[in-house]
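Welcome, and thanks for taking a look at this one with me. Here are some notes to read alongside the structure.

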Amino acid sequence: MMKAFLAIISLTFRNAMRSHVFQLLLVVLMLCVTLIPFSVSVGKAEDLIRVSLLYSLWSVSIILTLSSLYLGCYVMSHDIDSYQIHMVVSKPVSRITIWLGKWLGINLINVILLLIAGLVVYGMVMYRYQVVSEEGLTADRQSAREMAQAEKERIRTQVLVGRRSYMPELRDPEEIANAAVRNKVKEMAAKGESVTDEQLVSMRDEIKSQLDKLPVEVLYGSAHTWTYKNLPEDLNKSSLTLRFRPYLGKVSSEEQRQSQMSWAVLNPKTVKTAGEEGSFMYAPAESYFTGEFHEKNLPTDIIDENGTLKLRVVNADSQKGKLYFQTADGPKLLVPVCGFELNYLRAMLVMIVQLLLLSGIACAFGGFLTMPTAIFMVASYLLFGAISLVLTDSEFFVTNIWDQLGRALANVLLWVVIPLQNFDVTDMLSGGELIEFSFIGNLFVNYFLLRGVPLFLFGMLLYRRREMGSAVRK
């Protein structure tokens, strides 16, 4: 049985090689990972390295995703339609063995292509980093050498690293919902509109359900404090970095500009003597371009004995504008855990799990449907996953009962469909954030085991029961 299983894997791989699918995909991948970074105009070496990671790996993921869907549907359906499968099933080999052999053969192709493309991207990133180092050594002026050295250090500490992130404690849902409802009632009253008790309850429930996605609003001259709890005690000895992205006026990439704000951290050593308000250590107001991520090094020994840290921002905008901070952005506390190479390998592991899942779904549908129908079914299934994730997002504006019905249906669909957006780790990798094993395990359990494996078994069952004699040439 094992000999037959390995033979099917080898045959699947050799057929792909003979059909030049492997060579074509390899050429396309090499073109993407080498040309895409040069097609984006950036000024700094740091930005170029981020682009190399972000766009190159994203294009690799898209190409291998499409190839997985095509190969899975093609390999399973073509053998039946071309009458080749009859020579295999006439031998003492189970159809489940055939199915698994073809699935692993497809993934052997995908993994080899992914490793080659991954090595090329890694080589390009290291080359860019080496160029920055050489520029710092060969620069004529002292100022140029210092700038190159600073950029090299920034790349090493902010991009080529794996940093664990810690998020602040979520806000009190009752307090935020009541405040938001009061503001809404005031706005409606100013327009001469009235609000019923049923509408108040509906608005409060809607706000509470979307609280984790509502931005924090900081008025000019006011402050907002975030609390981080259950932090490890040894973080006081680590290099703590704050990563944040402020917005001005509205949460949008449009109409953003330079704004001023001051950051402060609570000194736990002086709380008993000076009180909490008197223990915040304020830094001078600094200017940041809103709508973009920024990083700021924090002082040491700012975590108390209970593992709590308090962080505050003061809006000092020169034009008295409102500042917004998205909940998803934190602000995050980042602590170095591992080097870039280990974090890069974790990103590759996420992409391998994605390819295993997609090729299995394609094989499941291709085993009992014709190739065009199988591709349509797989594409529809994945499209439902992408749309469902968008409909459940707080930015999707609910205006009537049909929108509410669509959101409810999307929440139900997310129990069975697979949103591929959740497998995208390029932003984390290019931002120097650690791809946690718990995150990878969650993807594997929730999507591969709980959603993918049932589809695999369903496809195997129908493939096993399919009548091969129905595929007769006319």
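1. A definition to start with: two strands count as paired if DSSP finds at least two bridges between them. Please also keep in mind that this is a predicted model.

2. With that in hand, look at strand E11 (residues 323–325), which is joined to E2 by three bridges, the two running antiparallel. One place to look is Glu217, whose bridge partner in E11 is Tyr324.

3. This pair belongs to an open sheet of three strands, ordered E2-E11-E5, with antiparallel pairing. Strand E2 (216–218) and strand E5 (246–248) are the edge strands, each pairing on one side only. From one strand to the next, the twist averages 30°. As general background, the strands of a sheet pair through backbone hydrogen bonds, in either a parallel or an antiparallel way.

4. There is also an open sheet of four strands, which follow the order E1-E12-E4-E9 with antiparallel pairing. Its edges are strand E1 (161–166) and strand E9 (294–297), and each of these pairs on one side only. Ignoring direction, neighbouring strands of this sheet are turned by 40° against each other on average.

5. Within that four-stranded sheet, you can follow strand E4 (residues 241–244) alongside E9: the two pair in the antiparallel sense over four bridges. Here Thr241 stands opposite Asn297 in E9.

6. Which helix lies across E1 and strand E12 (332–339)? That is H10, and it runs at about 100° to E12.

7. Now for the interior. The largest nonpolar core has 72 residues, and Leu53, Trp99 and Ile361 are those with the most contacts inside it. Several helices supply at least two residues each, among them helix H1 (2–18), helix H3 (45–81), helix H5 (95–138) and helix H14 (437–465). Helix H10 (340–366) is also one of these contributors, and the largest share of the core, 15 residues, comes from H10.

8. Leu53 deserves a visit of its own. What is Leu53 in contact with, leaving aside its neighbours within four places in sequence? The partners are Trp58, Val121, Val125, Val159, Phe340, Tyr344, Thr426, Leu429 and Ser430.

9. Finally, do not miss the second core, which is separate and has 25 residues. Val218, Val265, Leu298 and Val313 are included in this second core, and the strand E2 (216–218) from point 3 is a good place to begin looking for Val218.

Note on methods:
Residues are numbered from 1 along each chain as its sequence is written. This is a predicted model: local features need pLDDT of at least 70, side-chain atom pairs count only at pLDDT 80 or more; totals for chains, interfaces and linings use all residues. Side-chain values use heavy atoms; hydrogens and water are left out. A nonpolar core is a set of buried Ala, Val, Leu, Ile, Met, Phe, Trp, Tyr and Cys residues joined through side-chain atoms within 4.5 Å. Buried means under 20% relative accessible area, exposed over 50%, partly exposed in between (1.4 Å probe, protein chains only). Contact means heavy atoms within 4.5 Å. Axes are lines fitted to C-alpha atoms, for helices over the stretch in contact, and angles run from 0 to 180 degrees between N-to-C directions.
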